[in-house]
Protein chains: 2
Amino acid sequence: MILITKEEAKHLSINNLKRYRLRKMVLRYLYEERFVSAAEVSQKISVSLPTTKTLLDELIALGAVMTSGIGDSRGGRKPALYSLVAGAFYVITIGIEHYSAKIAIFNSHNELVTEVRTIQTNVNHPDLAEKLHTVSMDLIHEARIDDSKIVAVGVYMPGLVNSATGINYAIKNEAYQNIGKTLKKRFGKTIYIDNDARMQALGEFIFGKAKDSRNALVINWSWGLGLGMILNGQLYGGSTGFAGEFGHIKLEENGILCYCGKRGCLETVASSQSILNMAISGIENGTITQLATPYKDNLSSLKPEDVVNAARAGDEFSISILNKVGNSFGRGLAVLIQLLNPEIIVLGGPISKAQQFILTPIQQTLNQDCLEKISSIVRIEISEIDDRSGLLGLCARLFQKVLGDVTEVR
Amino acid sequence: MILITKEEAKHLSINNLKRYRLRKMVLRYLYEERFVSAAEVSQKISVSLPTTKTLLDELIALGAVMTSGIGDSRGGRKPALYSLVAGAFYVITIGIEHYSAKIAIFNSHNELVTEVRTIQTNVNHPDLAEKLHTVSMDLIHEARIDDSKIVAVGVYMPGLVNSATGINYAIKNEAYQNIGKTLKKRFGKTIYIDNDARMQALGEFIFGKAKDSRNALVINWSWGLGLGMILNGQLYGGSTGFAGEFGHIKLEENGILCYCGKRGCLETVASSQSILNMAISGIENGTITQLATPYKDNLSSLKPEDVVNAARAGDEFSISILNKVGNSFGRGLAVLIQLLNPEIIVLGGPISKAQQFILTPIQQTLNQDCLEKISSIVRIEISEIDDRSGLLGLCARLFQKVLGDVTEVR
DNA sequence: CACTGTTATTTATATTTTTTATAAAGGAAG
DNA sequence: CTTCCTTTATAAAAAATATAAATAACAGTG
């Protein structure tokens with residue numbers, strides 16, 4: 001076995017432990033950099049070139065690494081390049097959403113090796129874990145993957161998820177609070193569970209707009225306001241994994257009642273639902289708008305996206321709604337910026353697709369509410385990968401766990 | 001030299017680099033643990049006992065480490081204990097406050113080896129750097145410290161300090177925006193500059209109430225509201241060192257005008273100044289209060305501490321003021337808790353000394369504004385070391401820098 | 001107080017790694 | 001096309017490190 005558990009690693013002799021750690025460092029570096037020369041690896045892991053070579057040779061013998069051509073030189077002999085074998089390791093990623101779940105398998109080049117299969121279900125489904133396992137097995141067989149090469153299974157889900165324990169405290173059904181335990185039994189692999197917004201944030205950090213930003217905030221702007229944070233280059237989850245409850249910070253003393261039971265939560269004035277509420281009451285009151293004709297007698301089919309599209313088509317009423325919502329959202333964002341001084345904020349979800357109709361009012365509010373020195377350095381951008389950032393983030397997180405966290409390695 | 005610069009380390013051969021890193025790891029471990037056996041060191045640095053022994057012997061020969069007695073055993077031969085020599089390294093810590101500066105020197109046991117000398121001055125003093133240097137030199141001589149054993153000089157100051165560059169963007173005077181540069185010239189040592197609230201947070205994290213809490217918030221509750229954050233066990237400064245502007249988050253849409261130019265900042269309703277304002281207007285309006293007699297004709301000498309003391313003596317009016325301020329503060333704190341899910345919040349500064357008179361209204365507001373799952377796990381405590389947490393934090397930070405950040409060491 | 005079990009320390013040997021030297025491969029300049 | 005320089009690759013010598021075995025120190029027990 002190339003990778004072993006922490007428990008097994010404890011029983012290794014000093015020499016074997018060193019070897020194992022070096023191997024993991026090499027694998028981690030190859031995972032992150034794709035094509036590297038032996039000299040670069042040697043530099044990175046602070047080990048002489050001959051030993052680096054034997055390490056690489058061992059990994060080649062184990063089938064995890066391969067040589068792939070020769071690189072460019074800046075004056076001397078061209079180096080042989082090494083890379084991870086794409087099929088050396090696989091991870092299964094599962095994204096649980098409100099009424100559906102996505103399942104997909106990635107290889108060690110972060111490439112999808114299966115379709116993203118979507119199943120209709122919900123968090124309280126009686127045999128969710130079993131269903132997820134069955135579908136995963138189907139995918140493994142279809143893609144003809146050797147089961148032993150699956151190194152980890154990851155799940156993201158909404159709610160208050162403590163990734164250290166895998167327990168979701170927002171779910172009433174006790175059996176599914178701790179779905180990790182059930183999955184562990186079924187899969188017999190390393191299981192990792194985290195919150196959906198956090199995995200999206202990691203996806204943006206590694207593959208998206210927040211790449212290379214050590215301090216980034218990613219907000220999924222939809223029915224709720226999911227916030228994932230990258231702080232000091234690390235995913236931040238808080239002491240019990242509940243960090244990022246951006247939608248339920250209270251900005252109005254006597255605001256609208258939120259479904260969480262509190263009053264004046266940001267979600268009550270800056271979510272998809274608030275957009276719908278405003279649109280519906282406007283249509284009912286006979287406001288002139290493009291939305292009136294198609295939806296007047298069919299209010300229940302009105303979706304937030306429709307308001308966004310109408311705004312893009314020039315509908316003044318829709319623009320004013322987005323303006324209001326943007327201002328409210330901006331007030332919350334200003335708080336975040338003052339507290340965390342991020343260098344980038346990435347917005348995802350349907351509302352973010354309103355582009356300038358939403359960015360302009362946000363910026364307006366930030367100018368009002370923030371210290372100039374702090375707000376002037378932050379970039380606000382719209383995600384380009386928010387349909388898959390969660391699964392990608394999960395994929396990256398799993399490989400981080402399996403190949404060693406940068407922060408873990410001593 | 002036991003410690004060298006990063007630049008020098010780059011020119012080391014692989015073997016010497018390894019040796020150097022191991023030495024630093026040993027020193028760091030001894031700095032953190034005080035008394036350890038060779039076996040423990042060996043474990044910690046993943047190196048065999050014989051080599052650990054030679055490492056320790058070398059460090060003893062260099063005068064940085066000494067044996068100090070023997071430890072307890074659980075059945076076998078008692079181990080020889082090793083510890084850092086107290087006088088092996090020293091750091092100079094400088095705390096710049098609004099109208100004064102504190103200077104003190106600590107040894108590698110985090111012990112003060114001089115008095116804490118206070119000089120009257122302010123950030124815009126024409127020759128602040130020179131004065132600080134002169135006083136430091138006096139202290140060095142008085143304590144008979146060998147100058148070569150001073151390994152770093154640290155400064156904390158209020159404002160928007162970027163600790164990576166040492167520049168303070170809140171100070172108008174350009175020459176003193178970058179006091180680090182001037183100090184570097186004078187001292188010729190590693191200079192570290194950071195924000196006051198952050199250093200207090202680190203002090204609490206390492207020596208105070210937040211010890212062993214990986215996610216802690218420390219608030220200095222005084223004229224301003226200084227926030228320092230420990231997230232994932234690391235000090236958090238944001239992308240440009242401006243994180244923690246808790247006092248200037250906007251919670252009231254049309255609130256009081258703040259000196260920062262914005263309206264409705266938390267500081268306008270939850271700082272020392274707001275306590276004074278309420279007390280003064282109450283006294284002027286003839287409210288019955290213990291404060292009336294001593295201060296009626298002498299309002300300018302009224303201090304926030306007086307209100308706190310009156311409350312403790314049972315003065316209803318003062319209690320009601322603290323109640324209001326506690327509620328306002330609680331609203332801000334609720335936002336912090338929802339976003340960051342800390343396990344402890346440590347309050348320092350004069351207002352925090354009001355104990356239950358302020359904790360009760362805070363808790364009340366938290367119950368209203370927070371999700372129960374998040375607020376129920378957070379402990380709110382009053383600092384016991386807030387008169388010296390800043391210098392202590394700075395001392396720890398300097399040794400972290402010099403002996404290698406845990407996160408830096410690979 | 002001798003005996004046994006346990007842990008710490010030291011020494012000798014075996015193993016691993018680095019260093020140094022040398023060869024091979026390629027680029028740049030004349 | 002040759003020479004010189006730089007970089008990579010490999011082999012052999014030298015140094016550093018780990019392992020294992022031996023010794024020392026101590027606690028508990030009969």
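A polar contact is a pair of N or O atoms within 3.5 Å. Keep that cut-off in mind as we walk through this predicted model, starting with one example. In chain A, a polar backbone atom of Ala80(A) sits 2.8 Å from a phosphate oxygen of DNA strand D, so the pair falls within the 3.5 Å limit and counts as a polar contact.

Let's stay with DNA strand D for a moment. Around this strand there are 21 residues, and those that come nearest are Lys18(A), Gly76(A), Ala80(A), Ser48(B) and Thr51(B). Notice that the names carry both chain letters, A and B. Which parts of the strand do the protein atoms meet? Sugar and phosphate make up 77% of the atoms of DNA strand D that come within 4 Å of the protein.

Two further contacts show this phosphate side of the story. In Thr51(B), a polar side-chain atom lies 2.3 Å from a phosphate oxygen of DNA strand D. From chain A, Lys53(A) places a polar side-chain atom 3.2 Å from a phosphate oxygen of that strand. Looking at whole elements, you will find that H2 of chain A, along with helix H2 (14-33) and helix H4 (49-61) of chain B, give two or more residues to the surface near DNA strand D. The largest share, three residues, comes from H2(A). Sorted by class, this surface holds nine polar, seven charged and five nonpolar residues.

Now turn to DNA strand C. Here 22 residues surround the strand, with Ser48(A), Thr51(A), Gly75(A), Lys53(B) and Ala80(B) the closest. Of the DNA strand C atoms within 4 Å of the protein, 72% are sugar or phosphate atoms, and bases supply the rest.

Chain B offers three contacts to look for on this strand. Asn15(B) has a polar backbone atom 3.1 Å from a phosphate oxygen of DNA strand C. A backbone N or O atom of Ile14(B) is 3.5 Å from a phosphate oxygen of the strand. Lys53(B) uses its side chain instead, with an N or O atom 3.1 Å from a phosphate oxygen of DNA strand C. As for the elements involved, H2 and helix H4 (49-61) of chain A and H2 and H4 of chain B each supply at least two residues of the surface near DNA strand C. Here H2(B) gives the largest share, three residues. The classes on this surface are six nonpolar, nine polar and seven charged residues.

Next, look at how the two protein chains meet each other. In chain A, 56 residues are in contact with 56 residues of chain B. Between the chains, about 4,700 Å² of area is buried, and carbon and sulfur atoms give 56% of that area. There are also 34 residue pairs in polar contact between chain A and chain B, with both residues at pLDDT 80 or more.

Which elements of chain A build its side of this meeting place? Those supplying at least two residues each include helix H2 (14-33), helix H3 (38-45), strand E12 (225-231) and helix H13 (316-340). Of these, H13(A) gives the largest share, six residues. By class, the side of chain A that touches chain B has 28 nonpolar, 16 polar and twelve charged residues. Some charged residues pair up across the interface, where four salt bridges are found. One salt bridge joins Glu253(A) to Arg331(B), whose closest N and O atoms are 3.1 Å apart.

Finally, how are the two chains related? In general, two copies of a chain are related by a rotation about an axis and a shift along it. In this model, a turn of 180 degrees with a shift of 0.0 Å along the axis lays chain A on chain B with an RMSD of 0.1 Å. That is the relation of a two-fold axis. The interface fits this picture: 100% of the interface residues of chain A are also interface residues in chain B, so the copies meet through the same surface.

Note on methods
Residues are numbered from 1 along each chain as its sequence is written. Chains are lettered from A and ligands numbered from 1 in the order in which they are written. This is a predicted model: local features need pLDDT of at least 70, side-chain atom pairs count only at pLDDT 80 or more; totals for chains, interfaces and linings use all residues. Side-chain values use heavy atoms; hydrogens and water are left out. Contact means heavy atoms within 4.5 Å. Buried area is the accessible area (1.4 Å probe) that two parts lose on being put together, summed over both. A salt bridge is a side-chain nitrogen of Lys or Arg within 4 Å of a carboxyl oxygen of Asp or Glu. A polar contact is a pair of N or O atoms within 3.5 Å; within protein, one must be able to donate a hydrogen and the other to accept it, and residues adjacent in sequence count only if both atoms are side-chain atoms. Helices (H or I, at least four residues) and strands (E, at least two) are DSSP runs, numbered from the N terminus. Ala, Val, Leu, Ile, Met, Phe, Trp, Tyr, Cys and Pro count as nonpolar, Asp, Glu, Lys and Arg as charged, and the others, Gly among them, as polar. A residue is near a molecule or strand if one of its heavy atoms lies within 4 Å of it. Copies are superposed by least squares on the C-alpha atoms of residues with pLDDT of at least 70 in both.
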